[in-house]
Amino acid sequence: MNEALPQTAEKTAKRLVPFERVALVLQGGGALGAYQAGVFQALAEAEIEVGWLCGTSIGAVNGALIAGNAPDRRVERLGEFWEAVTEPPPSFPALPWLAAFPWTGADRSRALLNRMSAFVTMVQGVPNFFSPRAAPPLSSEADSPDVVSLYDATPLRETLERLVDYDLINSEPMRFSIGATNVRTGAPVYFDNTERRITADHIMASASLPPGLPPTEIDGEYYWDGGVVSNSPMQYVLDNRRDYSTGSAIAFEVDLWDANGEVPLDITSANLRALEIHSASRSNLTLEQYREMHEFQLALKKHLQQIPEDYRNTPEARLLAQKAGVLVATLVQLKYQAKKYETASKIFEFSRRSMREHWQAGYDDTWIALNEPSVLEVPDVSEGARIFDVHRGWIT
């Protein structure tokens with residue numbers, strides 16, 4: 001896989017990461033997930049060791065390939081997976097005129113080829129990922145929720161069993177959290193290897209996006225893709241930080257959708273824009289909460305330092321002190337930037353060509369961020385939360 005990718009990113013010499021903890025947060029987005037693989041390759045080359053990985057949907061799949069393999073095998077395993085689930089673009093031998101069309105190679109041509117590729121996916125499925133059901137329950141009830149989908153996800157389970165070491169995941173060298181949605185209650189659920197044993201079922205649950213894939217049963221409950229409720233698992237990281245509540249940390253938030261974009265001028269673009277906003281909306285809300293929480297904790301800490309000594313030992317003051325732990329943190333936002341020729345079907349576009357482009361984009365964006373001098377410098381506690389968007393620079 002590495003030999004197939006041009007490594008054109010400009011790198012600086014490897015620098016010691018001064019942060020005490022490193023988190024990697026992976027969003028959902030189907031075929032766009034190869035972008036996350038490129039991000040991780042760059043982090044691995046920079047010798048940045050991830051201590052906590054939190055993912056949903058394809059982010060959980062990539063996360064399992066990372067957490068479920070030894071450090072020197074992780075990029076290789078990611079490559080094996082993405083090669084296994086992508087195929088060369090569909091060829092059309094009966095349409096020789098297509099290759100000679102005047103605008104071949106332009107955005108219009110690429111858009112057509114991508115749509116054809118997505119159409120092939122919808123008709124034939126994706127090798128080693130999912131295959132179409134002969135008779136999905138479209139107008140009649142199924143005997144079991146396990147078959148309520150257009151596709152069968154058994155190939156993905158088999159692929160994960162081949163490429164992921166679950167014993168390694170559960171030995172907890174890396175904290176691994178997986179987002180899903182409880183079908184019955186509609187509540188978001190996170191499976192964490194510090195609280196339970198992670199199996200293929202938990203990865204499958206996180207990637208069970210309806211109506212394409214069926215819900216996954218775990219302990220008598222059925223679960224869908226975490227993106228049904230929230231496609232951005234950063235909220236869980238903020239709410240369940242434990243060891244990340246004080247000290248210093250850097251979090252790499254890898255989003256496959258960007259809420260920022262152009263006002264659409266046609267129906268296809270409008271459909272894509274709505275999908276982007278829906279899939280990325282939680283990221284902006286989480287960002288605001290992240291800022292506000294840090295400001296609150298810093299203010300509370302300063303206030304507690306000014307109260308009389310006798311009051312500091314009261315139960316109320318001790319409770320406030322627990323909430324006043326300040327995390328000196330930097331958040332690096334890495335967001336895939338859609339090309340003009342990509343439509344809403346891009347999450348189903350599993351061509352080998354697009355996969356390699358997505359991988360390369362993640363790789364290049366990460367090195368851009370790592371080459372920013374201040375990204376790997378611990379901010380002063382008085383600065384608040386440092387946020388770096390690889391496409392927009394520092395956010396103040």
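A crossing of two helices is called left-handed if the near helix is turned anticlockwise from the far one by less than a right angle, and right-handed if clockwise. Keep that in mind for the tour. The model on your screen is a predicted one.

**Stop 1: the whole protein**

Start with everything shown as a cartoon. You'll find 12 helices and 12 strands. Of the 396 residues, 52% are buried. Now think about who touches whom: among contacts with a separation of 6 or more, 77% are between residues 24 or more positions apart.

**Stop 2: helix 1 against helix 3**

Select residues 34–45, which are helix 1, and residues 74–84, which are helix 3. Their axes are 10 Å apart and pack at an angle of about 160 degrees. That angle is over 145 degrees, so helix 1 counts as roughly antiparallel to helix 3. Which hand does the crossing of helix 1 and helix 3 have? Turn the view until one helix sits in front, and use the definition from the start: the crossing is left-handed.

Now show the side chains. Helix 1 brings Ala34, Ala37, Phe40, Gln41 and Ala44, while helix 3 brings Arg74, Val75, Leu78 and Trp82. Sorted by class, that contact has seven nonpolar residues, one polar and one charged.

A handy bit of background for staring at helices: an α-helix has 3.6 residues a turn, so residues three or four places apart point the same way.

**Stop 3: helix 1 against helix 12**

Keep helix 1 and add helix 12, residues 352–370. These two axes come within 6 Å and cross at roughly 40 degrees. That makes helix 1 oblique to helix 12. The crossing here is right-handed.

On the helix 1 side, look for Tyr35, Gly38, Val39 and Leu43, among others; they're part of a contact whose helix 12 side includes His358, Trp359, Tyr363 and Trp367. This contact splits into 12 nonpolar, five polar and two charged residues.

**Stop 4: helix 3 against helix 5**

Hide helices 1 and 12, go back to helix 3, and add residues 154–163, helix 5. The axes come within 11 Å and cross at roughly 155 degrees, so helix 3 is roughly antiparallel to helix 5. Helix 3 passes helix 5 in a right-handed crossing.

Who meets whom? From helix 3 it's Arg77, Glu80, Phe81 and Ala84; from helix 5 it's Leu156, Thr159, Arg162 and Leu163. The class count is four nonpolar, one polar and three charged.

**Stop 5: helix 2 and its glycine**

Select residues 58–67, helix 2. How many of the residues of helix 2 are buried? The count is 10 of 10, and the run includes Ile58, Val61, Asn62 and Leu65.

Zoom in on Gly63, which is in this helix. With a relative accessibility of 0%, Gly63 counts as buried. Leave out neighbours within four places in sequence, and Gly63 is in contact with Leu26, Leu53, Gly68 and Phe176. Try a distance label from Gly63 to Leu53: they're 10 residues apart along the chain, and their C-alpha atoms are 6.6 Å apart.

**Stop 6: the nonpolar cores**

In soluble globular proteins, nonpolar side chains tend to be buried together. Here, the largest nonpolar core has 79 residues, and the ones with the most contacts inside it are Leu24, Phe81, Trp82 and Phe252. Select Leu24 and look around: leaving out residues up to four places away in sequence, its partners include Phe40, Leu43, Trp52, Ile66 and Phe252. Apart from that core lies another one, of 15 residues, including Leu238, Ala251, Leu331 and Ala385.

**Stop 7: odd spots in the loops**

Most residues other than glycine have a negative phi, and most peptide bonds are trans. Now for some exceptions.

- Glu172 sits in the loop between helix 6 and strand 5. Its phi is near 65 degrees, a positive value in a residue other than glycine. Glu172 is partly exposed, at 41% relative accessibility.
- Asp219 is in the loop between strand 7 and strand 8. Although Asp219 isn't a glycine, its phi is positive, about 50 degrees. At 71% relative accessibility, Asp219 counts as exposed.
- Pro211 lies in the loop between helix 7 and strand 7. The peptide bond from Pro210 to Pro211 is cis, with omega near -5 degrees.

**Last stop: Ala142**

Select Ala142, in the loop between strand 3 and strand 4. Is Ala142 buried or partly exposed? Its relative accessible area is 29%, so Ala142 is partly exposed. Beyond its neighbours within four places in sequence, Ala142 is in contact with Pro137, Val147 and Val148.

Key: Residues numbered from 1 in each chain as written. Predicted model: local features only at pLDDT ≥ 70, side-chain atom pairs only at ≥ 80, totals over all residues. Heavy atoms only, no water. Axes fitted to C-alpha atoms, helices over the stretch in contact; angles between N-to-C directions. Helix = DSSP H or I, 4+ residues; strand = E, 2+ residues; numbered from the N terminus. Parallel < 35°, antiparallel > 145°, perpendicular 65-115°, else oblique. Contact = heavy atoms within 4.5 Å. Nonpolar A, V, L, I, M, F, W, Y, C, P; charged D, E, K, R; others polar. Buried < 20%, exposed > 50% of the residue type's maximum accessible area, 1.4 Å probe, protein only. Core = buried A, V, L, I, M, F, W, Y, C linked by side-chain atoms within 4.5 Å.
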